[in-house]
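Please open the model in your viewer and keep the sequence beside it. We will move from the whole chain to a few selections, one after another.

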Amino acid sequence: MAKLFAIIILLSCYYISTAIASDWSYSDQQSWANGENQCDGSSQSPIDINTQEVYYNGTLKLDFINYDHPLISYKVTNNGHSIQFDYTGDVGSAPAITGTVLNNEIFRLAQFHFHWGSAKHIGSEHKINGRAFPVELHLVHYNHAKHDTLSKALEARDGSVSVLAVFFEIKKMNPGFEVVADMIDKLQEATPEQSQFMRETITLQNLLPKNSEKLYRYHGSLTTPPCTEGLVWLILNQPNEIGRSQFEKFLGVIDSHSGEKIANNFRKIQPLNGRKVESSFKPDMVNKGFVHMATSSTIIVSLLMIFLSIVGISPLLSIQ
Ligand SMILES: [Zn+2]
């Protein structure tokens with residue numbers, strides 16, 4: 001009998017350890033695709049947005065509902081991959097996004113979380129013209145009129161989930177971010193089971209940059225396994241700002257399973273595979289394209305000078 005118990009205990013330990021081993025990590029992204037998920041799909045996220053190749057669509061407009069109301073009912077968790085804030089209040093009064101950018105349908109907030117890097121030039125999942133930001137916020141919304149829950153909306157893969165992404169730069173202290181920074185600080189070493197229902201109110205509007213009209217839209221996926229596709233991504237062009245000490249709260253967050261820091265919790269850039277990225281504004285030309293034009297014109301002027309020196313100035317010299 002004792003032997004039987006020992007075998008049962010050993011088998012249980014084996015199953016538990018394989019279950020933990022099957023959990024994914026950012027350091028082993030090539031093994032995310034396992035045939036049962038969509039991580040090797042053709043419409044994956046994140047992407048690098050090349051502003052020279054986006055399609056301008058002046059009709060794209062994003063509107064916010066209840067983003068200026070204090071968020072009271074929510075739960076914060078250090079899930080070992082990020083710090084996540086789950087909305088736990090009534091769906092009808094949840095913050096939401098809408099507007100022509102979402103065919104005027106209402107997408108309710110389910111949760112938001114952050115991705116960050118260990119240095120200033122890395123951290124965000126999306127990039128703009130090859131540039132990464134130190135922090136990227138993901139506000140995950142779903143079309144509640146079509147699906148009861150976020151997981152049902154994800155399973156449908158029908159464009160019923162929309163993630164609003166906001167970049168952060170390390171500049172001035174942001175008083176509106178302080179309440180979030182405090183909570184990150186409190187949960188730096190927490191296990192997923194130690195999630196907390198917080199009393200402090202958060203106003204989501206404070207997490208947005210001053211200009212939330214300039215944005216990009218494309219169709220992509222979750223950036224963590226199972227990498228489910230069919231998501232509408234909205235990326236704000238203007239980054240928000242946080243102070244150095246606020247950013248450092250992220251750097252202290254650890255994964256309680258491994259005991260290691262969570263920093264660099266971003267997925268690598270995925271191929272566009274012909275997908276169209278739209279912008280609500282005309283991206284300016286002060287980037288690679290403009291520099292390229294300037295270089296070309298410099299070469300043309302130089303060639304013209306050489307040509308003139310041979311054809312024009314030489315005869316003048318010969319007259320003398
Ligand atoms: Zn995310």
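The tour below begins with the overall fold, then visits a metal site and ends at a helix.

Start with the whole chain in cartoon view, bearing in mind that this is a predicted model. The secondary structure comes to 5 helices and 17 strands, and of the 320 residues in the chain, 44% are buried. If you consider contacts between residues at least 6 apart in sequence, 75% of them join residues at least 24 apart. Now switch on the surface: the chain exposes about 17,100 Å², of which carbon and sulfur atoms supply 57%.

Next, select the zinc ion and show the side chains around it. Which protein donors does the zinc ion have? They are His 113 (NE2), His 115 (NE2) and His 138 (ND1), which lie 2.0 to 2.1 Å from the ion. Along the chain, these donors follow the spacing H-x1-H-x22-H. Colour strand S8 (residues 107-116), which holds His 115, and strand S10 (residues 135-142), which holds His 138, and you will see a pair that links distant parts of the chain, 23 residues apart. Are these two histidines buried or exposed? His 115 is buried, with a relative accessible area of 2%, and His 138 also counts as buried, at 1% relative accessibility.

Finally, select helix H3 (residues 178-186), whose buried residues are Val 179, Val 180, Ala 181, Met 183 and Ile 184. To find what covers these buried residues, add the elements that include strand S5 (74-78), strand S6 (83-87), S8, strand S13 (202-203) and helix H4 (244-251). Strand S8 thus appears at both stops, since it holds the zinc donor His 115 and is among the elements covering the buried residues of H3.

Technical notes
Residues numbered from 1 in each chain as written. Predicted model: local features only at pLDDT ≥ 70, side-chain atom pairs only at ≥ 80, totals over all residues. Heavy atoms only, no water. Donors = N, O, S within 2.8 Å, 3.2 Å for Na, K, Ca; no water. Helix = DSSP H or I, 4+ residues; strand = E, 2+ residues; numbered from the N terminus. Buried < 20%, exposed > 50% of the residue type's maximum accessible area, 1.4 Å probe, protein only. Contact = heavy atoms within 4.5 Å. Areas by Shrake-Rupley, 256 points an atom, 1.4 Å probe, with all protein chains shown as cover.
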